[in-house]
Amino acid sequence: TFDEAVDAETGYVRLYKSDDTLIEQFDVTSDISGSGTDTITVNPSVNLSEQTSYYIKIDATAFDDVAGNSFAGISDKTTWNFTAADETIPTTLTFSPTDDASSLATDFNLVIGFSEAVNVQTGNIVIYKAGDDSIFETIDVTSGIVTGSGTDTITVNPSVNLSEQTSYYIKIDATAFDDATGNSFPGISDKTTWNFTTGDFTSPTVSNFSPLDDMIDLTIKSNLVLTFSEAVNVKSGNIVIYKTSDDSVFETID
């Protein structure tokens, strides 16, 4: 914006990166608008790059006032320089455990890898049970069990171990994390972006024998029945019936 009306004459307005790379030059006779007014507009053909510094140079022959007095131009790097903003929101690149993982241990940490460093703000990370959508744990991001603020990796250590053979999903408030320039991570509000299932690590046990241990006076046609703490599958090996009197094998059953 000039202090009086100017006319485009000859020359260029040039856009440089701070490392002196010429990004684009604009012929004042064809690539600008506003000649004959006090406001000249230059529209770059491509958007600037985020978080990048630029400066402008203008030829001393580019603009005259109506009396023919020439604008002196800009020949240095400091008269008109600026830096483009960071307008990209942080996104998630990795989850640990991975989405849809199964047979997980019950004592793992939740780890989120972001596209850039993020800072803890306010809000919660919530672990839900998928079976009934009940809340397993609500974790305030400002609590001590959320670490990594200022880096691209956030680690969450649930205060209690998860349950075996249970499906879970994670939700994160959109206010929880920002990048260094205040762009907010949009959070996770659905059940499918990050979900997983824990494994079964408890060995089956026998909850009942039939006949009972130490039982006497059984019928000679009795079946042997073992009731387990959970469903079991036949694998390999033998069930062996011994005579107690001399430890001899009565029958070996595959």
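The accessible surface of the protein chain comes to about 15600 Å², and carbon and sulfur atoms own 48% of that area. This is a predicted model. Of the 254 residues, 27% count as buried.

**Overall form**

The protein chain holds 22 strands and zero helices. Its radius of gyration is 37 Å, well over the 18 Å from the globule rule for 254 residues, so the chain is more spread out than a compact globule. The C-alpha trace spans about 130 × 35 × 25 Å along its principal axes. Among contacts with a separation of 6 or more, 60% join residues 24 or more positions apart.

**Charge**

Negative side chains number 40 and positive ones 10. The centres of the two sets lie 11 Å apart.

**Nonpolar cores**

The largest nonpolar core has 25 residues. Leu110, Ile170, Ile172, Phe177, Trp194 and Phe196 have the most contacts inside it. The strands below each supply at least two residues of this core.

| Strand | Residues |
|---|---|
| S10 | 101-104 |
| S11 | 110-120 |
| S12 | 124-129 |
| S15 | 151-156 |
| S16 | 167-172 |

S11 gives the largest share, four residues.

What does Phe177 touch, leaving aside residues up to four places away in sequence? Its partners include Phe114, Val118, Val120, Ile125, Val141, Ile154, Ile172 and Phe185. Asn119, Gln121, Asn183 and Ser184 are also among them.

Another core lies apart from the largest one. This second core has 15 residues, among them Ile32, Ile58, Ala62 and Ile74.

Definitions and conventions. Residues numbered from 1 in each chain as written. Predicted model: local features only at pLDDT ≥ 70, side-chain atom pairs only at ≥ 80, totals over all residues. Heavy atoms only, no water. Rg over C-alpha atoms; globule rule 2.2 N^0.38 Å. Buried < 20%, exposed > 50% of the residue type's maximum accessible area, 1.4 Å probe, protein only. Contact = heavy atoms within 4.5 Å. Areas by Shrake-Rupley, 256 points an atom, 1.4 Å probe, with all protein chains shown as cover. Lys, Arg positive; Asp, Glu negative; His and termini not counted. Charge placed at Lys NZ, Arg CZ, Asp CG, Glu CD. Core = buried A, V, L, I, M, F, W, Y, C linked by side-chain atoms within 4.5 Å.
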